[in-house]
Amino acid sequence: MKHLTITVLSLFFIFSSCGCRQGDDVVNALLASHDDKPPVLRSWEMVTQTSARLSFNEPVVIRQTDFTIDGKAVSDGTVSNGTVTLTLTDAIPLGQSARLEGRVEDLARNSVRFSIILWAKNPNPATVLINEFTTKGTAANPDRVELVVTGRGNLAGLTLYAGTPSLYSDRFIFADRWVERGTYLVVRFQEGTDSGEHTSEKLSGLSSNNGSLSVAVSPEWESAIIDAVVWGNVVTTTYEGFGSQALLTQVSQLYDGEQWNSQKSKDSVDSTDSTATRSFCRDRLSDTNSSADWYICDTRQASFGSLNSEKRYVP
């Protein structure tokens with residue numbers, strides 16, 4: 001940097017003394033060519049249970065000793081331009097996570113330190129659909145969400161969100177468990193007397209009148225969404241009819257990810273007639289990513305953990 005400063009000053013005096021207007025352009029170009037910004041970590045993922053891939057916005061250099069996973073050194077590290085591949089000493093167990101801490105430099109010697117969470121790679125994830133849910137729960141019948149397994153596999157890491165992976169109010173992460181097609185999985189999202197198998201992290205309840213649910217392959221923030229649903233009433237007018245900026249953003253994310261077919265509130269599943277025992281039910285596993293897939297069952301016909309009731313509520 002010392003030599004660069006001398007060169008810039010020398011050129012500045014030369015061009016100033018000759019009266020050349022080009023001098024300003026040369027000085028500005030030389031100053032602009034000096035890189036003083038650290039590299040930016042753009043994304044990360046587990047490739048296998050023992051290897052991770054990190055992506056930066058520019059070419060980087062690394063030292064293997066600059067990386068630890070849960071305090072342990074990694075066994076190997078390679079780099080190709082802006083992509084870093086790390087080999088872990090121990091496999092991360094399915095359905096679990098580990099903290100990776102590291103440091104990289106760009107070609108101008110600018111460095112950045114980071115600390116991120118890595119989730120184990122599930123090589124055989126089950127496929128599921130949201131099949132039934134309630135949002136106006138009581139102590140006796142709390143808010144619940146039922147998933148149905150449509151393709152056999154391991155549940156490890158599958159994550160059910162009240163919202164979307166990047167914007168949610170509550171979630172449930174499934175542990176390592178093999179399931180067969182046709183299995184029903186019920187997650188309770190609210191405090192209550194129900195003793196269901198699974199409970200969400202916060203038990204804060206689902207949004208009563210306007211909200212969304214989504215299921216992702218893993219808890220990683222860029223993980224692919226595999227199913228979603230959006231519900232709303234017909235009277236809310238704020239935030240384009242969704243009632244909150246959060247839901248408006250969630251719906252936009254689901255639409256962009258092709259997991260919901262509309263960005264308009266009028267195309268949400270109508271929540272007006274739902275209650276704690278009149279649940280939202282998927283119609284025979286129909287999956288068009290639209291409100292046409294859903295109906296509200298009759299009073300006291302909620303059937304969590306089994307086939308959906310075909311008795312529909314008629315106002």
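Two strands pair if DSSP finds at least two bridges between them. The views below come from a predicted model.

**View 1. Strand β7 and its alternating side chains.** Strand β7 covers residues 83-87. In a regular strand the side chains alternate between the two faces of the sheet. Here Val84 and Leu86 point to one face and are buried. Thr83, Thr85 and Thr87 point to the other face and are not buried.

**View 2. The partners of strand β7.** Strand β2, residues 51-56, is joined to β7 by five bridges, and the two run antiparallel. Within this pairing Ser55 stands opposite Thr83 of β7. Strand β6, residues 76-80, is likewise joined to β7 by five bridges, again antiparallel. Asp76 has Thr87 of β7 as its bridge partner. The hairpin of β6 and β7 has two residues between the strands, and in that hairpin Asn81 takes a positive phi near 55 degrees.

**View 3. An open sheet of six strands.** The strand order is β17-β16-β11-β10-β21-β22, and the pairing is mixed. β17 (198-199) and β22 (294-296) stand at the edges; each has a single partner strand, so one side of each is left without a neighbour in the sheet. At the β22 edge, β21 (residues 280-282) pairs with β22 in the antiparallel sense over three bridges. Arg282 has Trp294 of β22 as its bridge partner.

**View 4. Cys281 and Cys297 without a disulfide.** A disulfide requires a pair of cysteine sulfur atoms within 2.5 Å, and by this rule the count comes to zero. For Cys281 the nearest cysteine sulfur is that of Cys297, 4.3 Å away, and Cys281 is in no disulfide. Cys297 is likewise in no disulfide, its nearest cysteine sulfur being that of Cys281. Cys281 counts as buried because its relative accessibility is 0%. Cys297 counts as buried because its relative accessibility is 0%.

**View 5. Gln250 in helix α3.** Helix α3 spans residues 245-256 and includes Gln250. Because its relative accessibility is 8%, Gln250 counts as buried. The side chain of Gln250 reaches the backbone oxygen of Leu167 at 3.0 Å. Apart from neighbours within four places in sequence, the residues in contact with Gln250 are Gly163, Thr164, Leu167 and Ser212. Leu167 thus appears both in this contact list and as the residue whose backbone oxygen the Gln250 side chain reaches.

Terms used
Residues numbered from 1 in each chain as written. Predicted model: local features only at pLDDT ≥ 70, side-chain atom pairs only at ≥ 80, totals over all residues. Heavy atoms only, no water. Buried < 20%, exposed > 50% of the residue type's maximum accessible area, 1.4 Å probe, protein only. Helix = DSSP H or I, 4+ residues; strand = E, 2+ residues; numbered from the N terminus. Polar contact = N/O pair within 3.5 Å; in protein donor to acceptor, adjacent residues only side chain to side chain. Contact = heavy atoms within 4.5 Å.
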